[in-house]
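Notebook open, structure loaded. I want to look at the ligand site and then at one loop residue.

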Amino acid sequence: MSATTATTALFQVQGLVKHFGALRATDDVSLAVNAGEIHALIGPNGAGKSTLVNLISGLHAPDAGRITLDGVDLTPLPMHARVRAGLSRCFQITSIFPKVTVLDNLLLAVQSSGGRHPGGSGRGLPRVLHTLLADRARDDALHAQAVSLAERVGLGGRLERLAGTLPHGAQRQLDVALALAAEPKLLLLDEPMAGMGPEDSERMTALIQTLKQDMAILLIEHDMKAVFALADRISVLVYGKVLTSGSVDEIRGNPQVQAVYLGTEDVA
Ligand SMILES: Nc1ncnc2c1ncn2[C@@H]1O[C@H](COP(=O)(O)OP(=O)(O)OP(=O)(O)O)[C@@H](O)[C@H]1O
Ligand SMILES: [Mg+2]
């Protein structure tokens with residue numbers, strides 16, 4: 001067995017390739033995330049980070065390669081089956097329902113967990129949402145689960161707020177809570193700190209740190225302070241390829257990485 005296949009990593013991506021026309025947006029990417037580990041994926045704009053997340057979550061089909069989670073080959077599975085297998089994601093753009101309360105967003109998520117909350121498509125939503133809420137708000141167990149999720153991400157005091165009226169940082173916290181409803185083994189976070197000031201960013205960093213005991217995390221993030229505070233391992237993606245992987249200290253001290261980021265990010 002080679003070094004990459006001999007691991008017992010919880011999550012593995014092997015030889016993943018994705019073309020968009022002539023562009024090789026994902027170029028033979030392999031990486032592994034161990035249980036209890038935060039693996040950060042960094043790289044300049046357009047490096048292929050979101051494309052990789054879209055391949056992992058099942059939004060795009062790869063041209064080649066394999067994705068496995070806890071011994072299950074996810075590659076042929078559609079998105080909802082990947083969620084059932086233990087994969088959950090937060091989007092680079094928040095996917096909450098802005099016109100319903102925090103609690104109702106969470107009730108929808110927990111009632112559909114196993115099927116994942118229906119955020120994003122919006123098709124036929126109002127009637128479905130109404131029916132689901134009427135049926136499920138009465139269910140004490142679901143209610144308790146929703147409240148517990150809110151508390152877990154620090155929104156326990158804002159259950160009745162309309163989600164769209166929350167400050168940006170709190171909306172991102174809610175987005176994380178929605179992803180947690182499916183009780184994932186691996187959580188994909190695509191730029192959870194995007195658009196945040198330092199205070200919100202620190203709050204989100206602390207939140208992600210608490211999640212680590214229950215799930216592995218693949219974290220895509222431009223905020224280097226957060227990455228260096230959180231990551232057990234970092235992979236650097238450039239032009240669709242993994243330039244290098246290593247510990248925080250190894251990545252910080254890597255001259256190639258510094259060259260890639262020179263003038264755009266502070267990796268010192
Ligand atoms: N659906 C698509 N069709 C065609 N090209 C795409 C598509 N999605 C992404 N690309 C291209 O693939 C490359 C990688 O894009 P991607 O969004 O994955 O980068 P990224 O690392 O997430 O960037 P950012 O840091 O800006 O979020 C870019 O050149 C982008 O223009
Ligand atoms: Mg992106």
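I count a residue as around the ligand if one of its heavy atoms lies within 4 Å of it. This is a predicted model, so I keep that in mind throughout.

**Entry 1: the shell.** I looked up who surrounds ligand 1 and got 14 residues, with Asn45, Gly46, Lys49, Ser50 and Thr51 coming nearest. Sorted by class, I get seven polar, five nonpolar and two charged residues in that shell. Which element gives the largest share of the shell? I find that α1 does, with three residues. Both α1 (49-57) and β2 (23-33) supply at least two residues each.

**Entry 2: polar contacts.** I went through the oxygen atoms of ligand 1. A polar side-chain atom of Thr51 sits 2.6 Å from one oxygen atom of the ligand. For Ser50 I find a backbone N or O atom at 2.8 Å from a ligand oxygen. Gly48 also takes part through its backbone, where a polar atom is 3.0 Å from an oxygen of ligand 1. I then checked cover: on its own, ligand 1 has 630 Å² of accessible area, and the protein covers 61% of that.

**Entry 3: Thr101.** I moved on to the loop between β6 (87-90) and α3 (102-111), where Thr101 lies. Is Thr101 buried or exposed? I call Thr101 buried because its relative accessibility is 12%, and the cut-off is under 20%. Its side chain reaches the backbone nitrogen of Asp104 at 3.0 Å. Setting aside neighbours within four places in sequence, I list Leu159, Glu160, Arg161, Leu162 and Ala163 as the contacts of Thr101.

Notes
Residues numbered from 1 in each chain as written. Chains lettered and ligands numbered in written order. Predicted model: local features only at pLDDT ≥ 70, side-chain atom pairs only at ≥ 80, totals over all residues. Heavy atoms only, no water. Polar contact = N/O pair within 3.5 Å; in protein donor to acceptor, adjacent residues only side chain to side chain. Areas by Shrake-Rupley, 256 points an atom, 1.4 Å probe, with all protein chains shown as cover. Helix = DSSP H or I, 4+ residues; strand = E, 2+ residues; numbered from the N terminus. Nonpolar A, V, L, I, M, F, W, Y, C, P; charged D, E, K, R; others polar. Buried < 20%, exposed > 50% of the residue type's maximum accessible area, 1.4 Å probe, protein only. Contact = heavy atoms within 4.5 Å.
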